[in-house]
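Here are a few short exercises on a ligand and the residues around it. Have a look at the model, try each task, and then follow the solution step by step.

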Amino acid sequence: MNKGILVVISGFSGAGKGTVVKKLLEKSDDYCLSVSMTTRSPRPGEVDGKDYFFVTKEKFEQTIAENGLIEHAQFVGNYYGTPRAYVEQRLEEGKNVILEIEIQGAMNIKKLYPEAVLLFITPPTAEELEKRLKGRGTETDEVIAGRLSRASEESVGIGEYDYIVVNDDLDKCVQDVMDTINTAKRQPARVGGFIDELRKGLEKYHK
Ligand code: 5GP
């Protein structure tokens, strides 16, 4: 019953999804985070192999050709993708593997892994999103306006996700994410192997 599942976490820039994922990893050993490959340059403080695997366009394209990614997408002029080996190995070990990816990638994962759980994390209101982006104090008004405009575009696809989790209070949001995943893992479609075993065991009683 305890096989790991893929958990896709998406959300607007400024929704706090990075912090939610970090807390989730601290709280439970049942989860691990997939580190993506990207062609974008590292931001100050980002570490190769921890935040991303930073690679050239050639290396990225070679990895696609070798079937080394389970999904990839372009986002603002750069490639992003999920390395296959780590994800498959960890699922095999029974871990819930988190993919923190954007919507195109999320939709591809849903096609490839129908049992994956897709979560969208959002602030309670649009105004709150604006307030959080401004509160960071790290971006210009122009960049903030760009992110809000992108959020408006992304909001069109929210209906495709399995669950929406509102990030109002951080600890509550983390608990809600964990509860949602645990509930999703109990749906018959996600415990096919367990049901097969149970049915096999019951066969001997059949009259
Ligand atoms: P950033 O450049 O801000 O780190 O990421 C830009 C966007 O790409 C974010 O929405 C992030 O979730 C998404 N992203 C990161 N890794 C992947 C990946 O492996 N695949 C896809 N499809 N999107 C990703």
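**Exercise 1.** Sort the shell around the ligand by residue class.

*Solution.* In this predicted model, the shell has 5 nonpolar, 4 polar and 5 charged residues. Next, pick out the residues that come nearest: of the 14 around the ligand, these are R40, Y52, E71, Y80 and E102.

**Exercise 2.** Find polar side-chain atoms that lie within 3.5 Å of an oxygen atom of the ligand.

*Solution.* Start with Y80, where a polar side-chain atom lies 2.5 Å from a ligand oxygen. Then turn to R40: here the distance from a polar side-chain atom to an oxygen of the ligand is 2.6 Å. Finally, S36 places a polar side-chain atom 2.7 Å from a ligand oxygen. Now add the surface: the ligand taken alone exposes 510 Å², and the protein buries 87% of that.

**Exercise 3.** Which pocket holds the ligand, and which elements give two or more residues to the shell around the ligand?

*Solution.* First, the pocket: the ligand sits in the largest one. As for the elements, two or more shell residues come from each of β5 (69-75) and β6 (78-83).

**Exercise 4.** Where does the ligand lie relative to domain 1 and domain 2?

*Solution.* Check which domains supply the shell. Both domain 1 (1-30 + 95-202) and domain 2 (35-93) give residues to the shell, so the ligand lies between them.

Notes. Residues are numbered from 1 along each chain as its sequence is written. This is a predicted model: local features need pLDDT of at least 70, side-chain atom pairs count only at pLDDT 80 or more; totals for chains, interfaces and linings use all residues. Side-chain values use heavy atoms; hydrogens and water are left out. A residue is near a molecule or strand if one of its heavy atoms lies within 4 Å of it. A polar contact is a pair of N or O atoms within 3.5 Å; within protein, one must be able to donate a hydrogen and the other to accept it, and residues adjacent in sequence count only if both atoms are side-chain atoms. Accessible areas come from the Shrake-Rupley method with a 1.4 Å probe; for residues, only the protein chains shown count as cover. On a 1 Å grid over the protein atoms alone, a cavity is a set of points where a 1.4 Å probe fits but cannot get out, and a pocket is an open set with protein on both sides within 12 Å along at least five of seven lines; lining residues have an atom within 4 Å of a point. A molecule sits in a cavity or pocket if more than half of its atoms lie within 2 Å of its grid points. Helices (H or I, at least four residues) and strands (E, at least two) are DSSP runs, numbered from the N terminus. Ala, Val, Leu, Ile, Met, Phe, Trp, Tyr, Cys and Pro count as nonpolar, Asp, Glu, Lys and Arg as charged, and the others, Gly among them, as polar. Domain bounds come from an automatic or database domain assignment.
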